[in-house]
Amino acid sequence: MSASAAFGPRPAAPVALVTGASGGLGSELAVALDAAGCRVAVHYNSSRAGAEKTAARLSNAHVLVTGSVADFDAVSAMYEEIRAALGPVDVLVNNGAIRKDALMAMQNPAEWRQVIDTNLIGSFHTARVCVPAMLRARWGRIVNIVSPSGLIATAGQTAYSASKAGLIGLTRTLAAECGRRGVTVNALSPGFMITGMTDTLPEHVKTAMLEKVPVPRFVTPAEVAASIGLFLDQDCMTGQVISIDSGASIT
């Protein structure tokens, strides 16, 4: 019997959890997963109105869930809520993230820790509650949303860059742990997008960013989300960072 014969089948209607699904990219990821046949758990932390707008765009069964991903007990409770409503999570998209930019010499230590707690430790929390059922089913998909800031230096983003670089390391190591049981773990690295996290940046900053990249335009959330099907379909792609970033990661 081949090693792949031990893998479980892809569920007919996978249950997908998208953290931070009330925002621009999270909303598009939820919609793309819904279009791919998934039943989506739409997670939000503070914006229920945004999550409801996302849910209104979905056709399949779905559920709204809330809680701080930085709190393991809250994540565990959220997982049980999803399991009761839809079933165990088959597809996890760790999209929820925050930014607190400042030069390290002047940064508030509590804000630095908050970024790590949400972006990196929060992704560990969600993976920790979802992975056991995926391993038992011998099929699962984890997609961690990272950033070019995790690959290249960006002054003023020591917290954000460290959180995303750490998440890339988590991605690769978890991929090594889970691959033999049919669970793939990859990272998706979007380029600069105009979303709720970035739309307050000064225009001169945005212009400077565009001048650095080979394809001089911003990436849209819908363009990034369109790649999610690749992660669902490919059994042998794991531990990879897929960049849709106008070439930011090569400059």
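**Strand β5 and its surroundings**

Strand β4, helix α4 and strand β5 form a right-handed β-α-β unit. A second crossover follows, in which the chain passes from β5 through α5 to β6, and this β-α-β crossover is also right-handed. The model from which these features were derived is predicted.

Strand β5 pairs with β4 and with β6. The pairing with β4 (residues 91–94) is parallel and extends over four bridges; within it, Asn94 has Asn144 of β5 as its bridge partner. The strands β5 and β6 likewise run parallel and are joined by six bridges. Ile145 stands opposite Leu188 of β6.

Six of the six residues of β5 are buried, so the strand is largely enclosed by the rest of the structure. Both faces are covered. One side carries Gly140, Ile142 and Asn144, and the other carries Arg141, Val143 and Ile145.

Arg141, a residue of strand β5, has a relative accessible area of 1% and is therefore classed as buried, the cut-off being under 20%. A polar atom of the Arg141 side chain lies 3.3 Å from the backbone oxygen of Leu232. When neighbours within four places in sequence are left aside, the contacts of Arg141 include Asp90, Val91 and Leu92. Met134, Gly182 and Thr184 are also in contact with Arg141, as are Phe231, Leu232, Gln234 and Asp235.

Helix α5 comprises 21 residues, from 158 to 178. The distance from its first C-alpha to its last is 30 Å, close to the 30 Å expected at 1.5 Å a residue. The buried residues of α5 are Ala159, Tyr160, Ser161, Ser163, Lys164, Leu167, Ile168, Thr171, Leu174, Ala175 and Cys178. These buried residues pack against helix α4 (109–137) and against strands β5 (140–145), β6 (183–190) and β7 (241–244). Strand β5 is thus both a packing partner of α5 and the strand from which the chain enters that helix on its way to β6.

The structure holds zero disulfides. The sulfur of Cys130 has its closest cysteine sulfur in Cys178, 11 Å away, and because this is too far for a bond, the two are not joined. The criterion for a disulfide is a pair of cysteine sulfur atoms within 2.5 Å. Cys236 is also in no disulfide, as the nearest cysteine sulfur, again that of Cys178, is 15 Å away. In accessibility, Cys130 is buried, with a relative accessible area of 0%, whereas Cys236 is exposed, at 77%. Cys178 is among the buried residues of α5.

Ser227 is located in the loop between α7 (221–225) and α8 (228–233). Its relative accessibility is 13%, so Ser227 counts as buried. Leu188 and Ile244 are touched by Ser227, residues up to four places away in sequence not being counted. Leu188 is also the residue of β6 that stands opposite Ile145. Ser227 and Ala32 are separated by 195 residues in sequence, yet their C-alpha atoms are 8.8 Å apart in space.

Conventions. Residues numbered from 1 in each chain as written. Predicted model: local features only at pLDDT ≥ 70, side-chain atom pairs only at ≥ 80, totals over all residues. Heavy atoms only, no water. Helix = DSSP H or I, 4+ residues; strand = E, 2+ residues; numbered from the N terminus. Expected span 1.5 Å × (residues − 1). Buried < 20%, exposed > 50% of the residue type's maximum accessible area, 1.4 Å probe, protein only. Contact = heavy atoms within 4.5 Å. Polar contact = N/O pair within 3.5 Å; in protein donor to acceptor, adjacent residues only side chain to side chain. Pairing = 2+ DSSP bridges. Right-handed = clockwise from strand over helix to strand, strands pointing away.
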